[in-house]
Amino acid sequence: MPEAFIVAALRTAGARKGGRLAGWHPADLAAHVIDALVAQVGCDPAQVEDVILGCVGQAGEQANNIARNAVLASRLPESVPGVSVDRQCGSSQQALHFAAQAVMAGAMDIVIAGGVESMTRVPMGLPSTLPFKHGFGSSMSPAMQGRYPGVAQFSQFTGAQMLAERYGLTKEALDDYALQSHQRAAAATREGRFKGEIVPVPVRAADGTDTGTIHDADEGIRTDATRESIAGVKLLQEGGVLTAATASQICDGAAALLVASARGLAALGATVKPLARVHQMTVLGHDPVVMLEAPIPATPIALRKAGLALADIDLFEVNEAFASVPLAWLQATGADPTRLNVHGGAIALGHPLGASGAKLMTTLVHALHTYGGRYGLQTMCEGGGLANVTIIERL
């Protein structure tokens with residue numbers, strides 16, 4: 001069976017809601033990263049056989065197949081197709097899975113996988129709340145309500161609290177973890193660890209004009225964060241342990257990876273060397289009420305299928321949707337915490353929903369090269385009680 005290779009991986013720096021990427025239409029933002037990816041590899045844009053993009057808020061400016069719209073906004077020829085994926089927060093990780101599966105099946109040789117989310121322009125939950133407000137119903141069907149009685153809707157906030165309670169996580173532990181995320185992200189930025197993965201983006205005003213400044217550093221990192229400042233943030237719910245400081249940041253961003261088969265690599269030319277090989281891909285459904293626990297049972301399944309042990313993995317990326325997710329994952333798996341989210345995570349760097357899977361993979365690929373690791377494992381908790389796990393091997 002053909003193998004799937006990651007040839008290049010790039011992302012924008014994360015931007016706060018209303019921040020330095022607010023002036024970009026999401027299709028144009030994704031196109032900017034796609035163009036940079038193709039330029040870095042030096043391939044003929046017509047060699048790209050498909051563009052698969054994750055996006056959660058597929059409404060408004062992100063509606064009508066954002067992947068195809070990104071192609072039409074890019075320098076790719078209009079003959080290149082595009083398809084949009086919604087596996088909630090794992091959307092662009094799933095885009096990578098689909099791209100890898102396409103080249104492993106021999107159906108395609110060069111595919112771009114990625115994601116985009118403008119949480120400024122398409123606020124979180126808009127595809128659900130807007131139709132409901134206008135009388136077009138809810139995604140929670142009668143049959144679903146019958147299966148989960150008493151649950152009016154699946155809530156990530158409720159799930160995060162339930163996860164903390166299930167694993168005995170205290171507010172103090174969550175606050176400590178949040179501070180560590182900011183400290184690691186600040187150190188990685190200061191040491192230039194992100195330079196090879198970030199695409200500089202011109203900052204645009206609300207009317208689309210260039211302001212003359214460049215966005216090339218993650219905007220959400222709080223370099224001045226202290227244990228006291230994090231501990232002082234208001235609880236999300238009375239009697240709970242989570243706060244906005246221990247949750248992922250609302251974020252605008254895009255990321256993309258170029259995936260190729262061996263035949264695709266040959267077509268790209270002898271000077272193009274792959275960064276990594278996709279070693280294993282797993283998806284799993286789990287309890288949609290707790291929702292965020294699925295990475296825990298999914299991880300050993302992926303390791304078993306890969307023929308690897310936890311100790312074989314040099315770096316882990318577990319999305320910091322809430323601090324309770326990676327902490328529960330660490331407790332359940334027994335993984336080495338020094339190998340987890342070594343450059344910080346979504347608490348500091350932001351969580352641009354449908355772009356986060358490709359964003360995390362971009363960071364993981366580059367970090368493996370920085371530290372000389374062999375295997376990396378990435379997993380995401382996702383709405384509906386889902387998880388993706390991807391294991392890659394550095395080349």
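By way of a definition before I begin, helices, of at least four residues, and strands, of at least two, are DSSP runs numbered from the N terminus. With those names in hand, Asn64 can be placed in the loop between E3 and H2. I should also state at the outset that what we have here is a predicted model.

Allow me to start with the chain as a whole. Its secondary structure comprises 13 helices and 12 strands. The radius of gyration is 20 Å, close to the 21 Å that the globule rule gives for 395 residues, so the chain is as compact as a globular protein of that length. Taken along the principal axes, the C-alpha atoms fill a box of roughly 60 × 50 × 50 Å. Of the 395 residues, 56% are buried. The chain exposes about 15,500 Å², and 54% of that area is supplied by carbon and sulfur atoms. As for the contacts between residues at least 6 apart in sequence, 80% join residues that are at least 24 apart.

I return now to the loop between E3 and H2. Asn64 has a phi near 55°, a positive value in a residue other than glycine. Asn65, found in the loop between E3 and H2 as well, has a phi near 65°, which is again positive in a residue other than glycine. Why do these values deserve a remark? Most residues other than glycine have a negative phi. How do the two residues stand with respect to solvent cover, exposed or buried? Asn64 has a relative accessible area of 71%, and because the cut-off for exposed is over 50%, Asn64 counts as exposed. Asn65, with a relative accessible area of 28%, is partly exposed.

The loop leads us to helix H2, residues 66–73. Which residues of this helix are buried? They are Ile66, Ala67, Ala70 and Val71. Seen down the axis of H2, these buried residues fall within an arc of 145°, so they line one face of the helix. What do they pack against? Their partners are helix H1 (26–41), strand E3 (50–54), strand E4 (82–85) and strand E5 (110–118).

My next topic is the aromatic residues. A pair of aromatic rings is described by the distance of the centres and the angle of the planes. The model has 3 aromatic pairs. One of them joins Tyr148 and Phe154 in an edge-to-face arrangement, with 5.5 Å from centre to centre and 85° between the planes. Tyr148 is partly exposed, at 22% relative accessibility, and Phe154 is partly exposed too, at 23%. These values place both residues outside the buried class, because buried means under 20%.

Another of the pairs is formed by Phe316 and Trp329, also edge-to-face, at 5.1 Å centre to centre and 65° between the planes. This pair links distant parts of the chain: Phe316 belongs to strand E10 (residues 315–318) and Trp329 to helix H11 (residues 324–333), 13 residues apart. Both Phe316 and Trp329 are buried.

Finally, I turn to charges placed over rings. Arg11 has its charged end over the ring of Phe194, at 4.9 Å from the ring centre. In a second case, the charged end of Arg204 sits over the ring of Trp24, 3.5 Å from its centre.

Key: Residues numbered from 1 in each chain as written. Predicted model: local features only at pLDDT ≥ 70, side-chain atom pairs only at ≥ 80, totals over all residues. Heavy atoms only, no water. Phe/Tyr/Trp six-rings, centres within 6.5 Å; stacked < 30°, edge-to-face > 60°. Buried < 20%, exposed > 50% of the residue type's maximum accessible area, 1.4 Å probe, protein only. Lys NZ or Arg CZ within 6 Å of the ring centre and 35° of its normal. Rg over C-alpha atoms; globule rule 2.2 N^0.38 Å. Contact = heavy atoms within 4.5 Å. Areas by Shrake-Rupley, 256 points an atom, 1.4 Å probe, with all protein chains shown as cover. Arc of directions from axis to C-beta.
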